[in-house]
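This report describes the fold, the salt bridges and selected local features of one protein chain. The sequence and the structure are shown first, and the description follows.

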Amino acid sequence: MNETLIRALSGAVYILLLLSCILYSNITFYILFGLFLALAVLEFCKLVRLNYVVPLIIAIFSYVIFYNTPFNQVYDGTITIISILVSIQLAFFLFSKKEKAFKKHEKWLYLIGYIILPFIILTKIPIGVNGYNPRILIGIFILIWTNDTFAYVVGKSIGKHKLFERISPKKTIEGFFGGLTFSVLGSIVIAKFFIGTSNIWIWIGIAILVSIFATLGDLIQSKFKRLAGVKDSGKIMPGHGGILDRLDSIIYVAPFIFLFYQILNYVS
């Protein structure tokens with residue numbers, strides 16, 4: 001079968017599964033992302049050469065225990081700050097020119113702060129003032145897809161200046177700003193016609209966070225794969241790679257969006 005057709009069908013199945021599980025109920029959403037977490041842990045352990053048994057047990061146990069806990073400023077603030085500190089460390093890792101094997105404590109640090117905690121945080125993002133609101137998370141996914149699509153289109157059309165050639169030769173500065181521009185425009189449409197809120201500035205803020213940190217998340221995952229000497233993190237999605245290849249943007253940006261939520265909640 002044609003590779004492009006395989007990629008298109010695989011992507012369509014992924015999007016259909018993702019949207020249907022998020023929209024159907026909070027239970028199907030939690031189950032799907034619990035499965036995604038397990039697969040992400042397996043892929044990450046393979047990338048950094050860490051035995052997966054204990055990490056998988058810790059990930060599943062943590063997810064089951066904490067995924068549906070009520071909002072708590074101390075607890076939620078703590079896991080958010082831990083995840084963001086690890087994200088900052090990963091940014092240093094991205095820009096560092098040193099390419100060496102990870103130390104054992106680094107593998108565990110990244111496993112917890114880059115994989116496990118962001119998935120737990122993701123289960124909290126769709127919780128709005130009236131309970132579970134699937135449109136919040138779908139809106140964020142739409143912004144990520146918009147950013148990726150227009151970064152590619154604009155970069156391919158007029159991109160001349162490389163964004164980070166050492167890690168991702170195809171990304172350009174023009175593409176980044178193209179993705180950012182269309183994400184902001186898309187956030188206005190999402191806020192008004194999909195979410196149904198008049199406060200579009202919140203969604204513009206989310207769009208900016210998505211463009212910056214989703215791009216960083218994609219680059220960081222690319223560096224993990226480069227150090228591992230692989231093209232994709234896994235093979236579960238024909239033509240697309242693994243779960244981490246699909247979710248690297250959302251898991252990196254999630255803690256920053258959740259911190260944004262908490263700041264808005266504190267201010268209000």
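## Overall architecture

The chain contains 9 helices and 4 strands, in a model that is predicted. Read from the N terminus, the elements follow the order α-α-α-α-α-β-β-α-β-β-α-α-α. The radius of gyration is 18 Å, close to the 18 Å given by the globule rule for 268 residues, so the chain is as compact as a globular protein of that length. Along the principal axes, the C-alpha atoms occupy a box of roughly 45 × 45 × 40 Å. Of the 268 residues, 49% are buried.

## Salt bridges

How many salt bridges does the chain have? The count comes to 3, and the pairs are listed below with their N to O distances.

| Acidic residue | Basic residue | N to O distance |
|---|---|---|
| Asp76 | Lys124 | 3.2 Å |
| Asp218 | Lys171 | 2.8 Å |
| Asp245 | Lys225 | 2.8 Å |

Asp76 and Lys124 form a salt bridge in which the closest N and O atoms are 3.2 Å apart. Asp76 belongs to helix α4 (residues 73-95) and Lys124 to the loop between α5 (104-122) and β1 (127-128), so this pair ties together parts that are 48 residues apart in sequence. Asp76 counts as buried because its relative accessibility is 0%, under the 20% limit. Lys124 is buried as well, with a relative accessible area of 7%.

The side chains of Asp218 and Lys171 meet at 2.8 Å, N to O. Asp218 is located in helix α8 (residues 200-228) and Lys171 in strand β4 (residues 168-172), so the pair connects parts that are 47 residues apart in sequence. Asp218 is partly exposed, with a relative accessible area of 22%. Lys171, at 24% relative accessibility, also counts as partly exposed.

Lys225 and Asp245 make a salt bridge, again at 2.8 Å from N to O. This pair links distant parts of the chain, with Lys225 in helix α8 and Asp245 in helix α9, 20 residues apart. Lys225 is buried at a relative accessible area of 13%, and Asp245 is buried at 8%.

## Helix α9

Helix α9, which holds Asp245, comprises 25 residues (residues 243-267). At 1.5 Å a residue, α9 should span 36 Å, and its end C-alpha atoms are 36 Å apart, so the two values agree. A bend of about 35° is found in α9 at Ala254, and a proline, Pro255, follows within four residues.

## Surface and loop features

Which residues make the nonpolar surface patch of about 510 Å²? The patch is made by Leu42, Tyr52, Val53, Val54, Ile57 and Ile58. Helix α3 (residues 53-66) gives the most to this patch, with 4 residues. Leu42 lies in helix α2 (residues 26-48). Leu42 is partly exposed because its relative accessible area of 33% falls between the limits of 20% and 50%.

The loop between α2 and α3 contains Arg49. Although Arg49 is not a glycine, it has a positive phi of about 60°. Is Arg49 buried or exposed? Arg49 is exposed, with a relative accessible area of 61%.

Technical notes: Residues numbered from 1 in each chain as written. Predicted model: local features only at pLDDT ≥ 70, side-chain atom pairs only at ≥ 80, totals over all residues. Heavy atoms only, no water. Patch = residues over 30% accessible without salt bridge, like charges linked within 9 Å, V, L, I, M, F, W, Y side chains within 5 Å. Areas by Shrake-Rupley, 256 points an atom, 1.4 Å probe, with all protein chains shown as cover. Salt bridge = Lys/Arg side-chain N within 4 Å of Asp/Glu carboxyl O. Helix = DSSP H or I, 4+ residues; strand = E, 2+ residues; numbered from the N terminus. Buried < 20%, exposed > 50% of the residue type's maximum accessible area, 1.4 Å probe, protein only. Expected span 1.5 Å × (residues − 1). Bend = angle between axes of the 7 residues up to and from the residue. Rg over C-alpha atoms; globule rule 2.2 N^0.38 Å.
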